[in-house]
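Visitor: I have a structure open and no idea where to start. Can you walk me through it?

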Amino acid sequence: GGYHIFEPGMQVALMQRLELEADLQRAVEQQEFTLVYQPIMPLDGSTMSGFEALIRWSHPTRGLVSPADFIPLAEETGLILPIGRWVLHQACQQAARWQREYPTDPPRTISVNLSARQLQQTSLVDEVADALTASRLDPACLILEITESVLIQDTQATIAKLTALKELGVRVAIDDFGTGYSSLSYLRQLPVDILKVDKSFIDGVQESPEASAVARAIIRLGHTLSLQTVAEGIEESTQVNVLR
């Protein structure tokens with residue numbers, strides 16, 4: 001019911017998107033992705049407790065492409081499904097390899113992000129089970145992360161899927177908590193183990209009273225619901241002190 005005046009930039013943007021989509025399809029076929037691992041550290045100063053697997057795309061001409069530039073497109077096109085499957089298997093295998101080479105008690109965990117598309121798959125539970133079996137990783141060492149935005153999409157179906165995943169023995173974390181629109185009433189029902197405080201609050205936790213108040217509220221909420229809390233993207237010792 002409306003109209004938009006054509007501008008040359010529209011054609012440029014469309015061509016760039018089509019090129020990126022074709023490149024992304026090729027990247028899946030030729031395995032141009034790599035994983036990097038962010039350490040998860042207890043605030044009591046003890047040794048690291050685990051890692052989060054983060055995907056990177058090494059494009060042959062563009063160089064390193066940010067996930068922010070290709071993950072949304074992968075979601076729209078459905079390519080996130082083979083990409084997510086690859087990430088899950090690679091991360092589990094790497095975690096199992098590190099556990100054999102550098103054993104700790106308890107063993108270090110590996111965290112892997114799940115997209116909305118993956119969570120909607122009927123085969124997701126089987127795929128997670130396959131990754132655990134192939135890598136021989138203890139299910140208790142795998143943490144699957146979902147965002148708040150995923151929770152509001154057919155919440156009852158999400159609860160059923162997360163319950164099935166929990167029955168495998170894995171743990172579930174809510175990523176970027178505090179930035180979405182999840183209902184606190186549903187939060188009590190969700191079979192989750194961990195709340196992750198979004199980095200946007202951590203960045204200002206030592207300077208912004210608002211960010212500090214939100215972080216404090218999420219931590220208290222986690223304690224109340226017997227959930228572990230994780231702060232994302234700590235980069236300064238002052239942030240550690242405030243969070244501790």
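Guide: What follows covers a cavity, some helix contacts and two backbone details. Keep in mind that this is a predicted model.

Visitor: Fine. How many cavities of 30 Å³ or more does the structure hold?

Guide: The structure holds one cavity of that kind, 30 Å³ or more.

Visitor: And how much space lies in the largest cavity?

Guide: About 70 Å³.

Visitor: Which residues line the largest cavity?

Guide: The lining consists of F51, A95, W98, Q99, Y102, P103, T104, R108, T109 and I110. Two elements, α3 (80–101) and β4 (109–113), each give two or more residues to that lining.

Visitor: Which element gives the largest share of the lining?

Guide: That is α3, with three residues.

Visitor: What about the lining by class?

Guide: Six of the lining residues are nonpolar, three are polar and one is charged.

Visitor: Let's stay with α3. At what angle do the axes of α3 and α5 cross?

Guide: At roughly 30 degrees, and the axes of α3 and α5, a helix of residues 124–135, come within 9 Å. Angles under 35 degrees count as roughly parallel, so α3 is roughly parallel to α5.

Visitor: Is the crossing of α3 and α5 left-handed or right-handed?

Guide: The crossing of α3 and α5 is right-handed.

Visitor: Which residues make the contact?

Guide: From α3 they are R85, L88, H89, C92, Q93, A96 and R100, and from α5 they are E127, V128, D130, A131, L132, A134 and S135. Sorted by class, the contact of α3 with α5 has seven nonpolar, three polar and four charged residues.

Visitor: Then where does α5 go next? Which way round is the crossing with α7, left-handed or right-handed?

Guide: α5 passes α7 in a right-handed crossing. Helix α7 covers residues 155–167, and the axes of α5 and α7 cross at roughly 20 degrees, coming within 10 Å. The two helices are therefore roughly parallel to each other.

Visitor: Which residues meet there?

Guide: L124, V125 and V128 of α5 meet K161, A164 and L165 of α7. In this contact of α5 with α7, five residues are nonpolar, none is polar and one is charged. V128 of α5 is also listed in the contact with α3.

Visitor: Now the start of the chain. At what angle do α1 and α2 pack?

Guide: Helix α1 (residues 8–30) and helix α2 (residues 67–77) pack at about 80 degrees, and their axes are 11 Å apart. An angle of 65 to 115 degrees counts as roughly perpendicular, so α1 is roughly perpendicular to α2.

Visitor: Which residues of α1 and α2 meet?

Guide: In α1 they are R17, L20, E21 and L24, and in α2 they are D69, F70, L73, A74, E76 and T77. The contact of α1 with α2 divides into five nonpolar residues, one polar and four charged.

Visitor: Enough helices. You mentioned the backbone. Which residues does a cis peptide bond join?

Guide: The cis bond joins D105 and P106, with omega about 0 degrees. P106 is in the loop between α3 and β4, and α3 and β4 are the elements named earlier for the cavity lining.

Visitor: And the other detail? What is phi of R136?

Guide: Phi of R136 is near 60 degrees, which is a positive value in a residue other than glycine.

Visitor: Where is R136 found?

Guide: In the loop between α5 and β5, a strand of residues 142–147.

Terms used
Residues numbered from 1 in each chain as written. Predicted model: local features only at pLDDT ≥ 70, side-chain atom pairs only at ≥ 80, totals over all residues. Heavy atoms only, no water. 1 Å grid on protein atoms, 1.4 Å probe; cavity = no way out; pocket = protein on both sides within 12 Å on 5 of 7 lines; lining within 4 Å. Points joined across faces, edges and corners; volume = space filled by probe spheres on them. Helix = DSSP H or I, 4+ residues; strand = E, 2+ residues; numbered from the N terminus. Nonpolar A, V, L, I, M, F, W, Y, C, P; charged D, E, K, R; others polar. Axes fitted to C-alpha atoms, helices over the stretch in contact; angles between N-to-C directions. Parallel < 35°, antiparallel > 145°, perpendicular 65-115°, else oblique. Left-handed = near helix turned anticlockwise from the far one by under 90°. Contact = heavy atoms within 4.5 Å.
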